[in-house]
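Here's a quick tour of charge pairs and DNA contacts. Have a look at the structure, then read on.

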Protein chains: 2
Amino acid sequence: MKTHDHSKLLSDVSGQMPPDEVLAELSELFSVFGDSTRIKILWALFEREMCVCAIAELLKMTQSAISHQLKLLRHAKLVGSRREGKTIYYFLADDHVRSIIGQGMEHISE
Amino acid sequence: MKTHDHSKLLSDVSGQMPPDEVLAELSELFSVFGDSTRIKILWALFEREMCVCAIAELLKMTQSAISHQLKLLRHAKLVGSRREGKTIYYFLADDHVRSIIGQGMEHISE
DNA sequence: ATAACATATGATCAACTGTTCATATGATAA
DNA sequence: TTATCATATGAACAGTTGATCATATGTTAT
């Protein structure tokens, strides 16, 4: 399968590409946003911090399912948590979450 | 499993949540960004439009694999295409792609 | 110490995803 | 028309993912 020539294009473009490792990390970040349960959790936390069982009640899902997803969100540093007695409150880690989701909303609103 | 009371919180938060349908669409959009092959394709298109076989060469992947991924990107309206003879050129559909990926990059650079 | 509540975790399983392979479509040139 | 290049597509298969279930950990009150 001989194909037409791209040598100039390829050298130009590949010079601008970040290393594979960075692009992999980037796609992993977006895949965390790529699930409706996690998007719902993040959106809920836009309002205020919430404990696990409140999120579970809000989304009508089991505590276990929510806890598993919060673990992913924590590892991606999208949420933080603090303990108060038996309860653990989760909150948005920073404002990138808002701006990323905001841009996503803009895109689908067209 | 009786749990503590959240009635006030739940009514507050659920009033702010977009409908499930919208949140599902949003997560589907982000899942398109959630694959390193697709991220690489989008990043390549930051520079300029490219034909399928150039992208395949750049990423050292088969034409088929790239074509399948471009189909997804097209359906998500992240890229557009134009034909010129036998060749089909793909390009970024709009600037949301840049800003979404830009925000993602900011998040992981911390 | 025991009971009750809040959360976390490991195993399991069905559903989904991305690549490959083979093949089809579409366009151009001979 | 036939050959060739460029791209698209469908089936198949391995790898990944998200919910569930059972159970474990951690905290507080009695």
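Which residue forms a salt bridge with Asp95(B)? In this predicted model, the partner is Arg98(B), with the closest N and O atoms 3.3 Å apart. Asp95(B) counts as exposed at 54% relative accessibility, while Arg98(B), at 37%, is partly exposed. Over in chain A, shared partners tie Glu49(A), Arg82(A) and Glu84(A) into one salt-bridge network.

Searching the whole structure turns up 10 salt bridges over all chains. Among them are these:

| Salt bridge | N to O distance |
|---|---|
| Arg48(A) and Asp12(B) | 2.8 Å |
| Glu84(B) and Arg82(B) | 2.7 Å |
| Asp95(B) and Arg98(B) | 3.3 Å |

The Arg48(A) and Asp12(B) pair crosses between chains: Arg48(A) sits in the loop between H3 and strand S1 of chain A, and Asp12(B) belongs to helix H1 of chain B. Arg48(A) is partly exposed at 32%, and Asp12(B) is partly exposed at 30%. Glu84(B) is partly exposed too, with a relative accessible area of 45%, and Arg82(B) is partly exposed with 31%.

Now for the DNA. Strand D is surrounded by 27 residues, the closest being His4(A), Ser64(A), Gln69(A), Ser64(B) and Tyr90(B). The tally for that surface is seven nonpolar, 13 polar and seven charged residues, and H5(B) gives the most, with five residues.

Of the strand D atoms within 4 Å of the protein, 63% belong to sugar or phosphate. A side-chain N or O atom of Tyr90(B) lies 2.5 Å from a phosphate oxygen of strand D. Bases are contacted as well: a polar side-chain atom of Gln63(B) is 2.8 Å from a base nitrogen, and one of His68(A) is 3.4 Å from a base oxygen.

How values were computed
Residues numbered from 1 in each chain as written. Chains lettered and ligands numbered in written order. Predicted model: local features only at pLDDT ≥ 70, side-chain atom pairs only at ≥ 80, totals over all residues. Heavy atoms only, no water. Near = heavy atom within 4 Å. Polar contact = N/O pair within 3.5 Å; in protein donor to acceptor, adjacent residues only side chain to side chain. Helix = DSSP H or I, 4+ residues; strand = E, 2+ residues; numbered from the N terminus. Nonpolar A, V, L, I, M, F, W, Y, C, P; charged D, E, K, R; others polar. Salt bridge = Lys/Arg side-chain N within 4 Å of Asp/Glu carboxyl O. Buried < 20%, exposed > 50% of the residue type's maximum accessible area, 1.4 Å probe, protein only.
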